[in-house]
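Please look through the structure shown here before reading on. The paragraphs after it go from one part of the chain to the next.

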Amino acid sequence: MSDDTAQGLDVPALLVQLTLEEKAALLDGADFWRTTPVERLGVPGLLLSDGPHGLRKQAVGGDHLGLGSSVPATCFPPAAGLASSWDTGLLTRVGEALGRECRAQGVSVLLGPGVNMKRSPLCGRNFEYFSEDPLLAGELAAALVDGVQSQGVGTSLKHFAANNQETDRMTVSADVDERTLREIYFPAFERVVTRSEPWTVMCSYNRVNGVYASEDPWLLTDVLRGEWGFEGLVVSDWGAVSRRDAGVAAGLDLEMPSSSGGGTRTVLEALRSEALSEADVDRAASRVLALVDRALRGQAVPVEAVDVDAHHALAREAAAASAVLLKNDGAILPLDPDAAGAVAVVGEMARTPRFQGAGSSQVNPTRLDTALDALRAAFDGRREVTFAPGYRVETDAADPALVEEAVRAADAAEVVVLFLGLPPSWESEGYDRASMDLPTAQVELLHVVADANPRVVVVLSNGSVVTVAPWQDRAQAVLEGWLLGQAGGSATADLLLGAVGPSGRLAETIPVRYEDTPTIGAFPGEHGHVRYGEGLLIGYRWYDAHRLPVAYPFGHGLTYTTFAYSDLDVSASPGPPTEVDVRLTVTNTGDRAGLETVQVYVADPEASVYRPEQELRAFARVALQPGESASVTLVLARRAFAFWHTPQGRWVVEGGTFGIRVGASSSDVRLEADVQLSGDDLTPPLTVEATADAWLAHPQAGPWLRQSLGDGEFARLMSDPRNGQMLRAVPLQRLSRMPGFPISEEQVTHAAARYADRAALLPMRGAAPPGDVASPPSAHAASSATPSSRPPRST
Ligand code: BGC
């Protein structure tokens, strides 16, 4: 497409003119990356390309596994890096640059971002995903989508849903309970869809609870469109289609890449057999046409020409924002450019950087900075910079000659900067990692280098978490560089010398050991199924719940200065809908400028369902000069307090006290306050299966039951302090079948019908016993409907 075709399509008119065959063909790709054109009606094909952290436009032919070459493009840090910036503004600027590069290359849709949760640290594709926390992933991805789409280019939010591993990714069934899907695996998708309206959503390869995502009407239509209001197009992941007819019926509009005609034939056959209606096909075809229309109109959006240098500079800024300073004992960093003594740079990765992951996201960078060159340039002859490779990247066996050379360099230097990381083949799309550890040879190298010179700064290059606990005491500083894209080398030098202050924060916990992680025993599953048995307890939610020490908590990251938090003020607007404003003051108490990332976690300590101990609900970055203070306000929407009520199929806020924790990481809480919120009506209908407790707590049924029990044996037993609770936990209908129970089963059935639609509350977990059954409802008994330990609702 060229700019002079930048006018849209008349989709309804086209739909009338298209033959059935043409409509069916529109639902299938034309080749690896293009949608099918309808030349006689002037409908062009669109070019879709990976994504997400750079453009991978393949010149001729193609593959979707990153094997073939692609045109040069700026390689920004992959999501694991970008996520550690916690910087939505930066993500939008990166998105704009990606959009500009797409426009320059005639690409209409960039295939990303990927917002799958990091369920296990071993997922081979964690480098392409943002976080273990759905809020953080959703906020950052939405910002990236905003940036790309502002340039008239679409995005593809992927991989929907529950694609959290690479093992058997094309077939495995992610078996996840609904509340966990709603609270953990969906919200990042939901946030991006509702906030940023991505042009397309890509369904995942896997099955969810037994149903292929590519043919799941609940996922692709009921939730995505019905509940979240998605109006774009759903595209298959490349090769995700199993039954094309089922996919069309479920809401999978476009199959990619081309099925070589198979998909089209299946759709036509299904039309003939009436397994699909013409309306089904029209719906999908009109979404393809609407995407083409959007892309054509996008061509009219004015964009700046691509400035390769400016994009490289942005990649450098993004890389510096993405690295996380884990430790910095004795303030060994930043390195003084004018101090005496040599700087020994050790490790092959200083010279041969590991800067992105393998697979479909692999970008052919416009240039590549190495940390070794960048450090030499930064010291600019003021200090001697020596280099020793120390290890070979792809082997796990030590090379004695290289080790000896590295030890000599360390011994002769004032400080050692040691580059360690995962070999490229250790993490990739298509398979999961075998372990969380660094190569043994590299860890051994650290030990001998540190024996020679204890002033060691380790710089890590890894797309997903590695264990640091076994070796980190041998390093005075550890800079977690993730994968930093094409400018990572120069950004690393910026950080090491303090030209830029570190500001990154962990978007995922670094556990002490693999054995502590939430999915032990349940990753990557067996016999075609992976059971998400840990439920809501992903990442820090798990470590919090189990009181497990971690190497570094979620949200952690040091700067070259210090910050103080004060004056917390939490206020709820009257609701519903309620908003809670969290206000505080942050002061830079150190002597360098710095950026603090304020995190707000919400706790719901008393709830009728299990709730994670705390959950990230807002964050804000604040840049401060030494001594400067700023007032920060974060707004929590009502949803920040809600849980998914599975039986009622909706989000509910349970009234009472919520804890607001404000801090610098999930375990570095600086300020705390409570807030009272009014709750939603949680009234379930009273049924014969409700427990006697539930009946007693019911405002109308309770008095009826007390009266019917009278002062007989059962009334006495049910009030007994020792055994009453056990008896009251029995469904009333079962009690009615017991010999001697004074109420018949028929009477219970009638009463249930009578009171079904009236207000009733089932007793909540942890609620106090309802007290004396035989007596009229006391204040205490009435309050048992909600946990008595919960303070009264605010109005
Ligand atoms: C990946 C997608 C990618 C697609 C096209 C698939 O293998 O899972 O993320 O966008 O290929 O390359």
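In helix 7, the buried residues are Pro187, Ala188, Phe189, Glu190, Val192, Val193 and Ser196. The model is a predicted one. With 7 of its 10 residues buried, helix 7 is mostly covered. What do the buried residues of helix 7 pack against? Their partners are helix 5, strand 4 (154-160), helix 6, strand 6 (200-203), helix 8 (217-227) and strand 26 (650-652). Just after helix 7 comes glutamate 197, which takes a positive phi of about 45 degrees.

Helix 6, one of those packing partners, covers residues 178-185 and is itself mostly covered, with 7 of its 8 residues buried. The buried residues are Arg179, Thr180, Leu181, Arg182, Glu183, Ile184 and Tyr185. At the N-terminal end of helix 6, aspartate 177 acts as a cap. A side-chain oxygen of aspartate 177 lies 3.2 Å from the backbone nitrogen of arginine 179.

One residue of helix 6 to follow further is isoleucine 184. Why does isoleucine 184 count as buried? Its relative accessibility is 0%, and buried means under 20%, so isoleucine 184 falls in that class. Leaving aside neighbours within four places in sequence, isoleucine 184 is in contact with Met117, Pro134, Leu536, Ile538 and Arg541. Another residue to compare by position is alanine 162, which is 22 residues from isoleucine 184 along the chain. The C-alpha atoms of these two residues are separated by 9.7 Å.

Next, consider the domains. The domain assignment of the protein chain gives domain 1 (5-60 + 73-298), domain 2 (314-552), domain 3 (563-681 + 782-787) and domain 4 (692-755). How many residues of domain 1 are in contact with domain 2? The number is 61, and they touch 62 residues of domain 2. The C-alpha centres of domain 1 and domain 2 lie 33 Å apart.

Helix 7 also takes part in the largest pocket, where it supplies 5 residues, the largest share of the lining. This pocket has a volume of about 480 Å³. Its lining is made of 21 residues, and the closest to the pocket centre are Leu135, Arg191, Arg617, Arg639 and Ala640. At least two lining residues come from each of helix 5 (134-149), helix 7 (187-196), strand 23 (615-624) and strand 24 (629-637). In terms of domains, domain 1 and domain 3 each provide at least three residues of the lining. What kinds of residue make up the lining of the largest pocket? The lining divides into 12 nonpolar, 1 polar and 8 charged residues.

The last stop is cysteine 102, found in helix 4 (residues 88-104). Is cysteine 102 buried or exposed? Cysteine 102 counts as buried because its relative accessibility is 0%. Apart from neighbours within four places in sequence, cysteine 102 is in contact with Leu55, Val107, Leu110 and Val153. Serine 49 is 53 residues away from cysteine 102 along the chain, and the C-alpha atoms of the two are separated by 8.5 Å.

Terms used
Residues are numbered from 1 along each chain as its sequence is written. This is a predicted model: local features need pLDDT of at least 70, side-chain atom pairs count only at pLDDT 80 or more; totals for chains, interfaces and linings use all residues. Side-chain values use heavy atoms; hydrogens and water are left out. Buried means under 20% relative accessible area, exposed over 50%, partly exposed in between (1.4 Å probe, protein chains only). Helices (H or I, at least four residues) and strands (E, at least two) are DSSP runs, numbered from the N terminus. A polar contact is a pair of N or O atoms within 3.5 Å; within protein, one must be able to donate a hydrogen and the other to accept it, and residues adjacent in sequence count only if both atoms are side-chain atoms. Contact means heavy atoms within 4.5 Å. On a 1 Å grid over the protein atoms alone, a cavity is a set of points where a 1.4 Å probe fits but cannot get out, and a pocket is an open set with protein on both sides within 12 Å along at least five of seven lines; lining residues have an atom within 4 Å of a point. Grid points are joined across faces, edges and corners, and a volume is the space filled by probe spheres set on the points. Ala, Val, Leu, Ile, Met, Phe, Trp, Tyr, Cys and Pro count as nonpolar, Asp, Glu, Lys and Arg as charged, and the others, Gly among them, as polar. Domain bounds come from an automatic or database domain assignment.
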